[in-house]
Amino acid sequence: MYGKTHGPRKPKKDFPEKLTCISICLIMECIYDEREAVIPMIRSMTGFGRCEKVTDQYKISVEMKAVNHRYLDLSIKMPKRFNYFEASIRGVLKEHIQRGKVDVYINYEDYTEQELCLKYNKSLAAEYAAYCKEMSEQFAIDNDLTVSVLARMPEVLTMEQVPEDEEAVWKLLSHAIEEAVAGFVESRRLEGENLRQDLLEKLNYMVELVDFVESRSPQITAEYRNRLEEKVKELLGGAAIDEGRIATEVTIFADKICVDEETVRLKSHIDHMRNDLTAGGSVGRKLDFIAQEMNREANTILSKANDLEVSEKAIALKTEIEKVREQIQNIE
């Protein structure tokens, strides 16, 4: 094959190699993404992180702590000279934190405060000299202006601090914030993992309670039928018992105490919460809503309970749900 102006073209033998490299890169990115996607993480809303950075010129320390809060509430206490960086600081923090009342303390020491420079205002000195000469000529007096006198004139010579390198300060500050945030997030992750294990154990116990209620309900109906038949026999003596009437009464009683719908929904909520805890992420609000629904079902079971054992299990169920709700308040 020939080109229009450059003669014969050489075949591009390296194209398959380039394609292979691109394919490998894409595959590695997919593997990395999948690896990140399968790592579940539940984070507590309480945490602590600290970092200190020291150079020959500056010393910056960043300390963070957080407690529970419905939303993200950032409070940053820092020197006035860092006010320019506040928006950037908040942006860094919001990348890693979704909920909680977070207090951030930034301390700064500048080892260059003694590095001052002397500034000479030439134009002002020239004006002082010109006016002194004009006054000497106007009033016919000697002009005794000397360099030392001129140097002591206001604003002729001034002491100024060496301008601060904002880019270098922000680089050091941002690194300190990133490391403090990393420690802060890790402490939240560790506590979140403990919370998740505790919640999963509580959910398993709740399943046992619900299973007992489900298995006990048919027994309650059978026991009621036996008591009813014995009472009717006692009242009627040797007379025949109307089985149809007995069946009707038992059906009405069974319908009143039936908690099948409540137990099914409650188990569904438990499974849903377990799945969310396993999936990880910022699920605190969602888990709180599920816990409210679980409490509603437990209240209905308790109100329908016509058996001492079921009542005890329902009370234990409500107690466990309340413990779950308290723990959920700590989850981001």
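These are my notebook entries on salt bridges, a surface patch and three single residues in a predicted model.

**Entry 1: salt bridges**

I began with charged pairs. Side chains of opposite charge can pair when their charged atoms come close. I looked up the count, and it comes to 20 salt bridges. I then went through three pairs and one network.

I took Arg43 and Glu332 to start. Their closest N and O atoms are 2.9 Å apart. The pair links distant parts of the chain, with the two positions 289 residues apart. Arg43 sits in the loop between helix H1 (15–37) and strand E1 (47–54). Glu332 is in the segment after helix H9 (308–328). Are these two residues buried or exposed? I found both Arg43 and Glu332 buried.

Next I checked Lys53 and Glu179. This salt bridge has its closest N and O atoms 2.6 Å apart. Lys53 lies in strand E1 and Glu179 in helix H5 (residues 166–236), so the bridge ties together parts 126 residues apart in sequence. I looked up accessibility for each partner. Lys53 has 21% relative accessibility, so it counts as partly exposed. The cut-off for buried is under 20%. Glu179 is partly exposed too, at 40%.

My third pair was Asp276 with Lys286. The closest N and O atoms of this salt bridge are 3.5 Å apart. Asp276 is in helix H7 and Lys286 in helix H8 (residues 284–304), ten residues apart. I noted that Asp276 counts as buried because its relative accessibility is 9%. Lys286, at 41%, counts as partly exposed.

I also looked for bridges that share partners. Which residues do they join into one network? I found Arg50, Glu52, Lys59 and Glu63.

**Entry 2: nonpolar surface patch**

I turned to the surface. Leu118, Tyr120, Leu157 and Met159 form a nonpolar patch there. Together they have about 440 Å² of accessible area. Where do the residues come from? Strand E5 (116–120) and strand E6 (157–161) each supply at least two of them.

I picked Leu118 for a closer look. Leu118 belongs to strand E5. Its relative accessible area is 58%, so I list Leu118 as exposed. The cut-off for exposed is over 50%.

**Entry 3: His269**

I came back to helix H7, which spans residues 260–279 and holds His269. Why do I log His269 as buried? Its relative accessible area is 18%, and buried means under 20%. I then listed contacts, leaving aside neighbours within four places in sequence. His269 is in contact with Ile290, Glu293, Met294 and Glu297.

**Entry 4: two serines**

I looked up Ser136 and placed it in helix H3 (residues 122–139). Ser136 has a relative accessible area of 14%, so I mark it buried. What does Ser136 touch, not counting residues up to four places away in sequence? I found Ile141, Asp142 and Asn143.

Ser88 came last. Helix H2 (residues 86–94) contains Ser88. I logged Ser88 as partly exposed because its relative accessible area is 35%. I also checked its separation from Trp170. The two residues are 82 residues apart along the chain, and their C-alpha atoms are separated by 9.4 Å.

Terms used:
Residues are numbered from 1 along each chain as its sequence is written. This is a predicted model: local features need pLDDT of at least 70, side-chain atom pairs count only at pLDDT 80 or more; totals for chains, interfaces and linings use all residues. Side-chain values use heavy atoms; hydrogens and water are left out. Helices (H or I, at least four residues) and strands (E, at least two) are DSSP runs, numbered from the N terminus. Buried means under 20% relative accessible area, exposed over 50%, partly exposed in between (1.4 Å probe, protein chains only). Contact means heavy atoms within 4.5 Å. Patches are made of residues with over 30% relative accessible area and no salt bridge: like charges are joined within 9 Å, nonpolar side chains (Val, Leu, Ile, Met, Phe, Trp, Tyr) within 5 Å. Accessible areas come from the Shrake-Rupley method with a 1.4 Å probe; for residues, only the protein chains shown count as cover. A salt bridge is a side-chain nitrogen of Lys or Arg within 4 Å of a carboxyl oxygen of Asp or Glu.
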